[in-house]
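Colleague: Got a minute to go through this one with me? I'd like to start with charges and rings, then move on to cores and sheets.

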Amino acid sequence: MQFYRDGYQSGDPDIRPVARETLEREASARPGELPDTVDVLIVGTGPAGTVLAAQLAQFPEIHTRIVERRAEPLKVGHADGVACRTVEMFQAFDLAQPLIREAYWVNEVRFWGPSESDRSRITRTGWVEDTPEGLSEFPHVIVNQARMQQFLLEHAANSPSRLEADYGIAFVDYEIVGGEYPVQVTLRRTAGTNEGEELTVRAKYVAGCDGARSAVRDALGIELKGDAANHAWGVMDVLATTDFPDWRTKNVVQSAGKGSLLMIPREGGNMVRCYVDLGEVTERDGAIRKKTAAEIAEVAGAILHPFSIDIKEVAWSSVYEVGQRLADRFDDLEDDAPADAVPRVFVAGDACHTHSAKAGQGMNVSMQDAFNLGWKLAAVLRGQSDGTLLRTYSEERRAIAADLIAFDRFWSAFIAQPALDPDHPERGGVSPEDMRAEFARQGRYTAGFGTVYEPSRLTGRSTHQHLATGFEIGTRFHSAPVRRIADGRRMEIGHTHRADGRWRLYAFGDAGGGRLNEFATWLTEAADAPVGAFTPAGDDLDSVFDVHGIVRGSHHDIDVTALPSILLPTSGPLGLQDWEKAWATDPVDDIFARRGIASAGALVVVRPDQYVAHVLPLDAREELTDFFSGVFREA
């Protein structure tokens, strides 16, 4: 973490100095009022809205506001599973360590089913590792949704933009009126002395992150289409005492005729979330929907026989039947919109896709929606890219949501199956062996690594994939350990990535000159190289492209000051050197071997949202410039 780039500042480095643009806006603002115009209006402080706010808050020149219909921040969230991929994203905001410090770590999944000697009793049938070895340097963790959102909102409030949510304000409708701020939004106060008052804000872009009952989606005339829910689950967060030995591990419990139970320990050391199978429901079946916490607990107790639970407190409970539904589009452009049309209104998260909680992807995929959209909005608003870049948000994320829903439909049906009765196989069900095998097989997806972006203007083709087989194009950049040349510190190379809108170029090669030095020199000096072509005059050398060199060999053998200047650039108002761009292999864990880097070296291009955009030879210069010509405007 670098926090003296702009000069010495005492105090908490996570509270960054307020920006000049922010001070100017505050000086002209009306106390307690929304401004007349904003660049981006975010509707909703759920998982998607808070990620988008945290990302855009890094750009004080972009005027962002976030409104929330509730009168105050969320106190108790419904989602809690945080996939490894989401923790990787939190690392880009410097929030991974505080997150995992508080969290429950899901290390393994244990399975329980009917005893062979007495099917009225359950017995442990096996276990699997929750996350396959080597999939991520971060764990799968459990943290309440409300706390996740608080981390992100605090990050936005401590940013140079000092962005904070405006509570008690609901979205009503919008109209495209043209001009510099073409989206005219009608809002209504839902709390306070002026409750019911309507107000108008004009924006360049609007992001509807307002949940499954999204008012923004309704205003767009978009419907969620898909399967209606037909299976009910009771869910409760409980503080209890018990003689069940696996209370502090994740469990899948199948009983003989009494339903299924999914148990996930919560943060704090004592609380456990129980998902209790309540069976099939119909549209007219109101009894199941009205189940109380006590009734849900009674079903859970029956499933756990011969073990018992003595519930001391129910922190939260509900009955839900979330169907798998998907919007046809994630923005305001119709299918027949002209090729140069620019979307102005977007929906993200539950506003455009809903699914069950069984795969644990709802909050995680919602956050990834916003992480995809945020850097694109920043690139367009800062003049780096033309507005058509924003069309790729709906194109990319709708395909991912469709894949998720297909997986969720299979997964929720699979774990709701009854235990197989060996004496009556004709009744159907799943065996303990098949249940364990399927959990292990789906580990990569449930860890959040199922996303693969198809070739497009933002994702290259696999022509040169053999040069870096461990960095698969279209998937997230899979970190590995390296040594920083300047000080010998062992670090994960992926942790250099920040949620700052920059593209990363990771150049792998040998020490002592050769292709790596030639490539870095070309990037630094050539006018037709991406750095020269797309970095605005007067900006820091690394303001658009954050270039890192990873050298095969020991950090003791390399003079960092002899490397091309793009690997030791000067930046900031003081023109200080950045000593954190040059790396060597870790002698214990060689990144070249672990990630399949060819002997000739390779260039790995990584998007601002941490996904691998391209793999190229170090001398594929024209191909690299052509690729970025489809992303950026010439500076």
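Colleague: Over which ring does the charged end of arginine 476 sit?
Modeller: Keep in mind that this is a predicted model. The charged end of arginine 476 lies 3.8 Å from the ring centre, and a distance within 6 Å is what we ask for. The ring under that charge belongs to phenylalanine 449.

Colleague: And which ring has the charged end of arginine 147 over it?
Modeller: Here the distance to the ring centre is 4.1 Å, again within the 6 Å cut-off. The ring is that of phenylalanine 151.

Colleague: On to ring pairs: what kind of aromatic pair do tryptophan 503 and phenylalanine 632 form?
Modeller: A search of the whole structure turns up 28 aromatic pairs, and this is one of them. The ring centres are 6.4 Å apart, with 65° between the planes. Planes over 60 degrees apart count as edge-to-face, so the pair is edge-to-face.

Colleague: How many residues apart in sequence are the parts that this pair ties together?
Modeller: Tryptophan 503 lies in strand β23 (residues 503-510), while phenylalanine 632 is in the segment after α16 (621-629). Both residues are buried. The pair therefore ties together parts of the chain whose separation in sequence is 129 residues.

Colleague: What about phenylalanine 519 and tryptophan 522, what kind of pair is that?
Modeller: Both lie in helix α13 (residues 514-525), 3 residues apart, or about one turn of the helix, and both are buried. Their centres are 6.0 Å apart and their planes make 40°. That angle is neither under 30 nor over 60 degrees, so we call the pair tilted.

Colleague: Which helix gives the most to the largest nonpolar core?
Modeller: That core has 116 residues, and those with the most contacts inside it are Trp503, Phe545 and Phe628. Those three also belong to a cluster linked by ring pairs, which includes Trp375 and Phe534 as well. As for helices, the top contributor gives 10 residues, and it is α9 (residues 362-381).

Colleague: How many residues are in the other core?
Modeller: It lies apart from the largest one. Among its members are Ile142, Tyr320, Leu404 and Ile415. Its size is 25 residues.

Colleague: Now the sheet with the order β22-β21-β27-β24-β23-β28-β29: which are its edge strands?
Modeller: This is an open sheet of 7 strands with mixed pairing, and its twist averages 30° from one strand to the next. An edge strand pairs on one side only. That picks out β22 (490-492) and β29 (612-616).

Colleague: Which residue in β29 stands opposite valine 604?
Modeller: Strand β28 (residues 602-606) pairs with β29 in the antiparallel sense, over 4 bridges. Helix α13 lies across β28, along with β23 and β24 (545-552). The residue opposite valine 604 is valine 615.

Colleague: There's another open sheet, β6-β5-β14-β15-β16-β13-β17; which helix packs on it, touching β5, β6 and β14?
Modeller: That sheet has 7 strands and mixed pairing, with β6 (122-129) and β17 (309-320) at the edges. The twist averages 20° from strand to strand. The helix's direction makes about 25° with that of β6, and the helix is α11 (residues 432-441).

Colleague: Last one: which residue in β17 stands opposite methionine 236?
Modeller: Strand β13 (residues 231-242) and β17 pair in the antiparallel sense over 10 bridges. Methionine 236 faces a partner in β17, and that partner is serine 317.

Terms used
Residues numbered from 1 in each chain as written. Predicted model: local features only at pLDDT ≥ 70, side-chain atom pairs only at ≥ 80, totals over all residues. Heavy atoms only, no water. Pairing = 2+ DSSP bridges. Helix = DSSP H or I, 4+ residues; strand = E, 2+ residues; numbered from the N terminus. Axes fitted to C-alpha atoms, helices over the stretch in contact; angles between N-to-C directions. Contact = heavy atoms within 4.5 Å. Phe/Tyr/Trp six-rings, centres within 6.5 Å; stacked < 30°, edge-to-face > 60°. Buried < 20%, exposed > 50% of the residue type's maximum accessible area, 1.4 Å probe, protein only. Lys NZ or Arg CZ within 6 Å of the ring centre and 35° of its normal. Core = buried A, V, L, I, M, F, W, Y, C linked by side-chain atoms within 4.5 Å.
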